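Me: I am new to reading protein structures, and I would like a close look at one part. Could you take me through a single residue and its surroundings, step by step?

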Amino acid sequence: MIELKVSEDREHVLQGADYWRRVEAHRRRGHITRGRLFGEMKISEQSPLVYLVAPTLRFHPSFQTLARTITPDIEIYRFDINEDWRAGVRVMRRMRVN
């Protein structure tokens with residue numbers, strides 16, 4: 001799931017890490033597979049990835065500082081998209097943030 005943030009949110013990267021933690025806990029316990037949340041699809045044994053997406057100028061100024069505090073075990077990627085994304089989404093930059 002991708003949630004598009006269109007206003008500066010200092011907690012954006014922390015929300016992503018918390019989301020990762022919850023999904024990973026359910027994955028490890030087998031809840032996702034047993035619950036057949038994805039039907040018959042086989043769930044990977046790899047940890048989930050977190051993609052944080054927002055218009056380029058909408059990432060909070062403290063984003064990178066906060067991102068560096070998160071363990072590298074959690075793979076978090078930042079996708080900067082165009083400011084006029086409603087006219088069509090274009091990825092302007094992508095990078096791992098931690």
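Here is the close look, starting from one residue in a helix.

Reply: Happy to help, and let's begin with Glu 24. This is a predicted model, in which local features need pLDDT of at least 70 and side-chain atom pairs count only at pLDDT 80 or more, while totals for chains, interfaces and linings use all residues. Residues are numbered from 1 along each chain as its sequence is written, and side-chain values use heavy atoms, with hydrogens and water left out.

Glu 24 sits in helix H1, which covers residues 12-29. Helices here are DSSP runs of H or I with at least four residues, strands are runs of E with at least two, and both are numbered from the N terminus. Is Glu 24 buried or exposed? Its relative accessibility is 3%, so Glu 24 counts as buried; the cut-offs are under 20% relative accessible area for buried, over 50% for exposed and partly exposed in between, with a 1.4 Å probe and protein chains only.

Now look at what the side chain of Glu 24 meets. One polar contact, of 2.7 Å, links it to the side chain of Arg 28, and another, of 3.3 Å, links it to the side chain of Ser 47. A polar contact is a pair of N or O atoms within 3.5 Å; within protein, one must be able to donate a hydrogen and the other to accept it, and residues adjacent in sequence count only if both atoms are side-chain atoms. If you set aside neighbours within four places in sequence, Glu 24 is in contact (heavy atoms within 4.5 Å) with Ser 47 and Pro 48.

Pro 48 leads us to the second largest pocket, where Val 23, Arg 27, Phe 38, Ile 43 and Pro 48 lie nearest the centre among 13 lining residues. A pocket is an open set of points on a 1 Å grid over the protein atoms alone, where a 1.4 Å probe fits, with protein on both sides within 12 Å along at least five of seven lines; lining residues have an atom within 4 Å of a point. Helix H1 gives the largest share of this lining, 3 residues.

Finally, glance at Arg 36, in the loop between helix H2 (31-34) and strand S1. Arg 36 is exposed, with a relative accessible area of 51%. Its phi is positive, about 50 degrees, although Arg 36 is not a glycine.
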